[in-house]
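Colleague: Could you take me through one part of this predicted model in detail? I would like a close look at the ligand site and whatever surrounds it.

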Amino acid sequence: MMRLYEFEGKLLLAQNGIPVPRGEVASNPEEASIAAAALGDAVVVKAQLLVGGRGKAGLVRPAATRAEAGSIAAQILDASLSGQKVQRVLVEERLQIAREMYASISVDRLAGSPLILACAEGGVEIEEVARARPEAVARHHVDVLKGLRAHEALQVAKTAGLAGDDAVSFSRFLMQLYSAFCRMDAYLLEVNPLVATTDGRLVAADAKVILDDDAAFRQPFLQGRRDDAALTPLEREGREKKVSYVDLEGEVAIMGNGAGLVLSLLDLVRHYGARPANFLDTGGGASRTKARDALTLVMKKAEQDPRVRSILLAFSLSISLPEDAAGGVLDAVAARPPRVPIFAVVHGTRAEVGEEMLRSVGIKVFPSIQEATRAAALAATRSNA
Ligand code: GDP
Ligand code: MN
């Protein structure tokens, strides 16, 4: 799941037909006052943070002139909220607010469908409204096969406390929001406040957007934006080599072909009294090159992390053949002698060929996963003496 900054969320909403205020991002006071000038001086300056409650914390503030926008931006850029330092502000045209409402769509995992929440009284007190008068918040689960029908959206608007033209325009907004929700592969779209302006328009004045990063393959916005910052260097290399690699803290470095197999290895290593140093799954049909890259990664782990005392390899051959899996291991070991002993087990199609190949480079091969894991765990926990 990836939470977006307000300005990013609004950009995507605008691309999907949702009206948002005109605005510009600024990272220093000069940029903020230039933005205010371009927007006609009367603006709001909003901290860009991945936490809510900015309004109550004084981090959403109106400015009447470009000079004031600059000085308010300076103050906001100096602030923090819930441990997050403000790095940027969004400078937006000031809205003439007639009414603040609330609309959100999220994935309700328990119900297995999108859930719409709507309320005619939005703004910074929405939590209080929901607590004191839960009946003021309309709830509607969308049937994903049928989509959101106009009459359903209208009913939601009425239940939320709207009538007449207000209910009709709110229901149209909900339909647009639902179609944006689907197109964006969103997990949450929350618009609070959804502002009705004095000249009768509905505008998304705030946007909390969480996208499903499993949809990165078809969402250009998410591509290259998966939270790479949180990855270790080896994990990043794993992603480049297209293997699932996760750094852990233990003594036994692990590689296998198949996520289920590797998860079992983690458990077994624990069972035999050691701790796994990593998770590495090459995937079921790994090529010789991929097996080589994967073992190279594990050997690097063993070189870089002094806690690592052994390597455990497990191949279950069916889509991969011994020439691929064991062949890749031979290539890796030939290029880079391992710092620690390797313990292996090979099951499946022509396993004996794979075993022989591994033995030929000095790898200790065992007849069962339990025995291989036990040996790797023992080697890793034996005292140095
Ligand atoms: P949040 O407190 O982090 O959810 O930030 P919001 O973007 O929701 O802003 C908080 C409040 O600022 C809103 O509920 C409005 O009442 C108030 N506000 C006043 N003028 C404006 C305006 O022109 N635009 C926006 N977005 N909010 C305004
Ligand atoms: Mn808000």
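**A close look at the ligand site**

Modeller: Gladly! Let's start with Arg54: an N or O atom in the side chain of Arg54 lies 2.7 Å from an oxygen atom of ligand 1. Gly55 takes part through its backbone, where a polar atom is 2.7 Å from a ligand oxygen. For Glu100 the side chain is involved again, with an N or O atom 2.4 Å from an oxygen atom of ligand 1. Taken alone, the ligand exposes 550 Å², and the protein buries 83% of that.

Please keep in mind that this is a predicted model, so the distances are computed from predicted coordinates.

Stepping back a little, there are 16 residues around ligand 1, and those that come nearest are Lys46, Arg54, Gly55, Leu95 and Glu100. Sorted by class, this shell holds 7 nonpolar, 4 polar and 5 charged residues. The space that ligand 1 takes up is the largest pocket.

Where does the shell come from? Three strands each supply at least two of its residues: strand 3 (43-47), strand 8 (97-108) and strand 11 (186-197). On the domain level, the chain is divided into domain 1 (22-93), domain 2 (97-223) and domain 3 (233-382). Ligand 1 lies between domain 1 and domain 2, because both give residues to the shell around it. As for domain 3, its C-alpha centre lies 52 Å from that of domain 1.

Strand 11 deserves a second look while we are here. Pro193 is found in this strand, and a cis peptide bond joins Asn192 to Pro193, with omega at about 5 degrees. Asp185 has its place in the loop between helix 6 (164-183) and strand 11. Although Asp185 is not a glycine, its phi is positive, at about 55 degrees. Both features are worth finding in the viewer, because most residues other than glycine have a negative phi, and most peptide bonds are trans.

How values were computed: Residues numbered from 1 in each chain as written. Chains lettered and ligands numbered in written order. Predicted model: local features only at pLDDT ≥ 70, side-chain atom pairs only at ≥ 80, totals over all residues. Heavy atoms only, no water. Near = heavy atom within 4 Å. Polar contact = N/O pair within 3.5 Å; in protein donor to acceptor, adjacent residues only side chain to side chain. Areas by Shrake-Rupley, 256 points an atom, 1.4 Å probe, with all protein chains shown as cover. 1 Å grid on protein atoms, 1.4 Å probe; cavity = no way out; pocket = protein on both sides within 12 Å on 5 of 7 lines; lining within 4 Å. Sits in = over half its atoms within 2 Å of the grid points. Helix = DSSP H or I, 4+ residues; strand = E, 2+ residues; numbered from the N terminus. Nonpolar A, V, L, I, M, F, W, Y, C, P; charged D, E, K, R; others polar. Domains from an automatic or database assignment.
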